[in-house]
Each structure stands twice: as C-alpha cells, then as structure tokens.
Amino acid sequence: MIVEAKGIGVRRGGRDILRDVDFCVAPGEMIALIGPNGAGKSTLLRSLNGLVKLSDGTLALAGTPIAGMTRRQIARVAAYMPQQAGDTADCSVAECVMAGRLPHMSGTDGGDRRRVFETLERLGLLEFSERPLSHLSGGERQRVFLARALVQEPRLLLLDEPTSALDLRHQLDTFEHVAAIARAEAVAVVVAIHDLSLALRYADRVVMMSGGRLVADGAPAAVVTPDLIRDTYGVSASVGRVDGHTVVVPLRSMGNDRPAGE
Ligand SMILES: Nc1ncnc2c1ncn2[C@@H]1O[C@H](COP(=O)(O)OP(=O)(O)OP(=O)(O)O)[C@@H](O)[C@H]1O
Ligand SMILES: [Mg+2]
C-alpha cells in the first residue's frame, strides 16, 4: 500500500475537522475525493502529505510511518498540488516547475532541467517557460502547478481540485494525462474534485466525505448515486448515461430544508 491511514483525525480550534478516517491507497489507483465545501477533502490531502498534524490515528506512506519521515523523504513519495497556490514569489514558469525537482536534485544532474522542459511541453506550457508566473492567466497558472507536482515523479499524486480553473479541453487533457501516468507508472492518484461527472469518468474508486468523515468509499457507480448526492449535498440530481459516459445533472437545491453535510 502506498497510503495506509487508520483512524486518523485532525482537530483545529476545538473542532474535529477530520474524524476517524480509514483510508488505504494501492499503487496505480485513481481515487476521486468528493463532498461538499468544508467536508475535509483538502485537510485529508494535506494530512497525507504530512502538512497537517494528526490528532489521532496512524498514517504510513509506502510502508513507513509518516511521523518519522523528513520533509524530503515525504516529498520523494508524495507530490501535492494545492487548491490555491500560495506562491507569491514572482519566479518564471520554468523556475517554479524546477522547484518540483528539489527532493531529487544532486546538484550535478542536467536531467532535472530536461525533465522540467519535457513536462512543460507535455502540458502545452513550453511557450510560457520564461514568463513570470504573475503574467499567466488563472488556468495557465493552475497547469504550471500541476507540472510542478508531476516533475517530482512521485509514487503518490495528491491533487486538490486541479481542473477548477480549466477550460473544457484542458479539463479532459489533464485527466487523460494523469490517468495515463497512473496506468503506465503505477502512480497512485488522489484527486479532490467537485465535478462529479469527471470523477465518474476517470476514477477507479470514489470516496465521499461529509463533516470530516468518509461517508462512502467504493466503485464510482456505487457512490455517486442520486440518494447519496441528496443526503450529502442537499441537492436532488439525476445520474444518467450520455454517449457512453455517466453524467450527473444537479436538478434542485433543497436549500435550508436539507442543509448539506448533515
Ligand atoms: N486551520 C484551520 N482552523 C480551523 N478550521 C479549519 C482550518 N482549516 C480548515 N478548517 C475547517 O475544516 C473544515 C474542512 O476544511 P477543508 O479545507 O478540508 O474542506 P474541503 O472539503 O477541502 O472544502 P472545499 O470544497 O471548500 O475546498 C472546514 O470547515 C474548514 O473551515
Ligand atoms: Mg478544499
């Protein structure tokens, strides 16, 4: 197992924002993490990368308890793409992506630069490589942060809403690319996402969170059902087939009659 979390919990300001989470991830698995705002998706992803201190439970990454790992050791296993990139330093695109190589760099390896430019090319970002990050559009910048996570060549890729700023084509290209890496290199992927149709299309497994807990974990079609969507999001939805794909159409918010997350 690349991730083995048993009974993990996170407490902040006297509140349990993650509660009793059992979560295992095998190499090559692509897992979509879904659930309403505030459900705990980002907290779980950050916990898996050692960025959040656990209040309860145990967590091992690739068989090693995370509590005893250094940042560099964690970064050689797991790459994390944050929901909101806090980078304000105005580096160039190539410099920003090069930061993803830091856990591996020996100082003499010209291969790091080659990997950065290969990844930029694959994500259609080559033309931006020398531009300052601040001169990019929101979606272009989001693709740069994905590139930075990919050049880290992790065994576990933690992506927090990686397509939230992307146009339709780049949403599909991003998921196709990540799914291909998961298959070809047995990289495990955990991706938080609000687009349930994309989750159904690309995930091997869907994990639904609500109120800091896992409320469902299983095959996409077993988790993304009208009943669970109603109970978890407070929205009535239709789940149907279009052109061979299962899609979710939200029909009506139940508003205050049925608050989401309760
Ligand atoms: N440092 C903190 N201190 C106190 N509460 C926090 C802290 N960080 C997060 N929270 C709370 O924990 C809960 C879970 O937050 P989290 O960011 O994990 O949600 P999420 O599922 O990623 O939501 P979204 O879909 O909006 O990104 C929220 O209610 C949030 O307000
Ligand atoms: Mg989040």
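Trainee: Where is Ala186 found in this predicted model?
Mentor: Happy to start there, and remember that this is a predicted model. Ala186 has a positive phi of about 55° although it is not a glycine. Its place in the chain is the loop between H6 and E8.

Trainee: Is Ala186 buried, exposed or partly exposed?
Mentor: Let's use the neighbour count. A residue is buried with 20 or more other C-beta atoms within 10 Å, and exposed with 12 or fewer. Ala186 has 13 other C-beta atoms within 10 Å, so this residue is partly exposed.

Trainee: Which strand does Asp20 lie in?
Mentor: Asp20 is not a glycine, yet its phi is positive, about 50°. With 14 C-beta neighbours inside 10 Å, Asp20 counts as partly exposed. The strand, covering residues 15–25, is E2.

Trainee: What is the order of the strands in the open sheet of six?
Mentor: Good one to trace on screen. The pairing in this sheet is mixed. Read across the sheet, the order is E6-E7-E8-E3-E9-E10.

Trainee: Which strands stand at the edges of that sheet?
Mentor: Look for strands with a single partner, because such a strand has one side left without a neighbour in the sheet. Neighbouring strands here are turned by 15° against each other on average, direction ignored. The two edge strands are E6 and E10 (213–218).

Trainee: Which residue stands opposite Ile31 in E9?
Mentor: Begin with the strands themselves: E3 (residues 30–34) and E9 (residues 205–210) run parallel and are joined by four bridges. Across from Ile31, the E9 residue is Arg205.

Trainee: Which residue of E10 stands opposite Met209?
Mentor: On this side, E9 pairs with E10 over five bridges in the antiparallel sense. Their hairpin has two residues between the strands, and Gly211 there takes a positive phi near 55°. Opposite Met209 you will find Leu214.

Trainee: Is Val206 buried or exposed?
Mentor: Val206 is found in strand E9. Not counting residues up to four places away in sequence, Val206 touches Ala32, Ile34, Ala199, Pro220, Val223 and Val224. With 23 C-beta neighbours inside 10 Å, Val206 counts as buried.

Trainee: At about what angle does H1 run to E8?
Mentor: H1 covers residues 41–48. This helix lies across E3, E6, E7, E8 (188–192) and E9. Its angle to E8 is about 150°.

Trainee: Which helix gives the most to the shell around ligand 1?
Mentor: The residues surrounding ligand 1 include Arg12, Asn37, Lys41, Ser42, Thr43 and Gln83. By type, the shell divides into two nonpolar, two charged and eight polar residues. Three residues of the shell come from the helix that gives the most, H1.

Trainee: How many of the 14 residues of H5 are buried?
Mentor: H5 (residues 138–151) reaches 20 Å from its first C-alpha to its last, close to the 20 Å expected. The buried residues include Glu140, Arg143, Phe145 and Leu150. H5 is mostly covered, and its buried count is eleven.

Trainee: Which helices do the buried residues of H5 pack against?
Mentor: Strands come into this packing too: E6 (78–81) and E7 (156–160). The helices are H3 (93–98), H4 (111–122) and H6 (168–185).

Trainee: Which residue just after H5 takes a positive phi?
Mentor: Most residues other than glycine have a negative phi, so a positive one is worth a look. Here the angle is about 45°, and the residue is Glu153.

How values were computed. Residues numbered from 1 in each chain as written. Chains lettered and ligands numbered in written order. Predicted model: local features only at pLDDT ≥ 70, side-chain atom pairs only at ≥ 80, totals over all residues. Expected span 1.5 Å × (residues − 1). Contact = placed C-beta atoms within 7 Å. Near = placed C-beta within 6 Å. Nonpolar A, V, L, I, M, F, W, Y, C, P; charged D, E, K, R; others polar. Pairing = 2+ DSSP bridges. Axes fitted to C-alpha atoms, helices over the stretch in contact; angles between N-to-C directions.
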